[in-house]
Amino acid sequence: MERLHHTGLTVTDLDASLAFYCDVLGFEIVFTQEKRGGYLAEIVGYPDAHVRMAQLALPGSAHRLELFQYLRPEPVARRAEAREIGLTHVCLVVDDVDQATERLVTAGAEAQTRPVLVDTGANAGGRGVYVRDPDGIILELFQPPS
């Protein structure tokens, strides 16, 4: 393995998610596209796969966030629990976790708790919180120790 390229998230409505991730979180669109069948169907394992997708990046970051909206097959929505094996969360570094949490909640996210102090381990002195985006995807906001 050489490097991490992107993290993929399946969303309900690509346009709504682009508004949240770009307008609220500050991501920039690298590209958007729509794909049907072909290699995509083989990779995802759905012969009738049809998706709208976008790759996003934060300014100065090489890592991309890929948002997928399945048009076919019909998407399955459920609220995943943080303890489920294989569940993804995306951690975003912020300068002020309280202000960032408030901004996200105002924009439609749901805070799991209030921001808490990391009191042990490698990140001791930092603060963090889990919030769920409008689709219920877990985002961790992390304010590093000063």
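The exercises below, each with a worked solution, concern a predicted model of one protein chain.

**Exercise 1. Describe the overall make-up of the protein chain.**

Step 1. List the secondary structure: the protein chain has three helices and nine strands.

Step 2. Put the elements in sequence order. The pattern reads β-α-β-α-β-β-β-α-β-β-β-β.

Step 3. Give the extent. Along the principal axes, the C-alpha atoms occupy a box of roughly 50 × 35 × 30 Å.

Step 4. Consider burial and contacts. Of the 146 residues, 35% count as buried. Among contacts with a separation of 6 or more, 55% involve residues 24 or more positions apart.

**Exercise 2. Determine the strand order and the pairing in the open sheet of four strands.**

Step 1. Write down the order, which is β1-β4-β3-β2, with mixed pairing.

Step 2. Identify the edges. β1 and β2 (28-36) are the edge strands, since each pairs on one side only.

Step 3. Add the twist, which averages 20 degrees from one strand to the next.

Step 4. Take the pair β1 and β4. These strands run parallel and are joined by five bridges. Thr-10 stands opposite Phe-68 in β4.

Step 5. Take the pair β3 (residues 50-57) and β4. Here the strands run antiparallel, with eight bridges between them. Ala-57 has Arg-64 in β4 as its bridge partner, and Leu-56 has Leu-65 in β4.

Step 6. Look at the connection. β3 and β4 form a hairpin with six residues between them, and Gly-60 in the turn has a positive phi of about 85 degrees.

**Exercise 3. Place helix α1 relative to the sheet, and classify Ala-19 as buried, partly exposed or exposed.**

Step 1. Find the strands that the helix touches. Helix α1 (residues 14-24) packs on the sheet and touches β1, β2, β3 and β4.

Step 2. Compare directions: that of α1 makes about 5 degrees with that of β3.

Step 3. Locate Ala-19, which lies in helix α1.

Step 4. Apply the cut-offs. Buried means under 20% relative accessible area and exposed means over 50%. Ala-19 has 34% relative accessibility, so Ala-19 counts as partly exposed.

Step 5. Relate Ala-19 to a distant position. Asp-119 is 100 residues apart from Ala-19 along the chain, and their C-alpha atoms are separated by 35 Å.

**Exercise 4. Characterise the largest pocket by volume, central residues and lining.**

Step 1. State the volume, about 720 Å³.

Step 2. Name the central residues. The lining has 23 residues, of which Thr-10, Val-11, Val-76, Arg-78 and Ile-137 are the closest to the centre of the pocket.

Step 3. Find the main contributor. Strand β1 (residues 6-10) gives the most to this lining, with three residues.

Step 4. Sort the lining by class: twelve residues are nonpolar, six polar and five charged.

Step 5. Connect the pocket to the sheet. Thr-10, one of the residues closest to the pocket centre, is the residue opposite Phe-68 of β4.

**Exercise 5. Treat the second largest pocket in a similar manner.**

Step 1. State the volume, about 340 Å³.

Step 2. Name the central residues. Of the 20 lining residues, Leu-25, Phe-27, Leu-58, Leu-92 and Val-93 are the closest to the centre.

Step 3. Assign contributors. β4 (64-72), β5 (89-93) and α3 (97-106) each supply at least two residues of the lining.

Step 4. Sort by class. The lining of the second largest pocket has twelve nonpolar, four polar and four charged residues.

Definitions and conventions:
Residues numbered from 1 in each chain as written. Predicted model: local features only at pLDDT ≥ 70, side-chain atom pairs only at ≥ 80, totals over all residues. Heavy atoms only, no water. 1 Å grid on protein atoms, 1.4 Å probe; cavity = no way out; pocket = protein on both sides within 12 Å on 5 of 7 lines; lining within 4 Å. Points joined across faces, edges and corners; volume = space filled by probe spheres on them. Nonpolar A, V, L, I, M, F, W, Y, C, P; charged D, E, K, R; others polar. Pairing = 2+ DSSP bridges. Axes fitted to C-alpha atoms, helices over the stretch in contact; angles between N-to-C directions. Contact = heavy atoms within 4.5 Å. Buried < 20%, exposed > 50% of the residue type's maximum accessible area, 1.4 Å probe, protein only.
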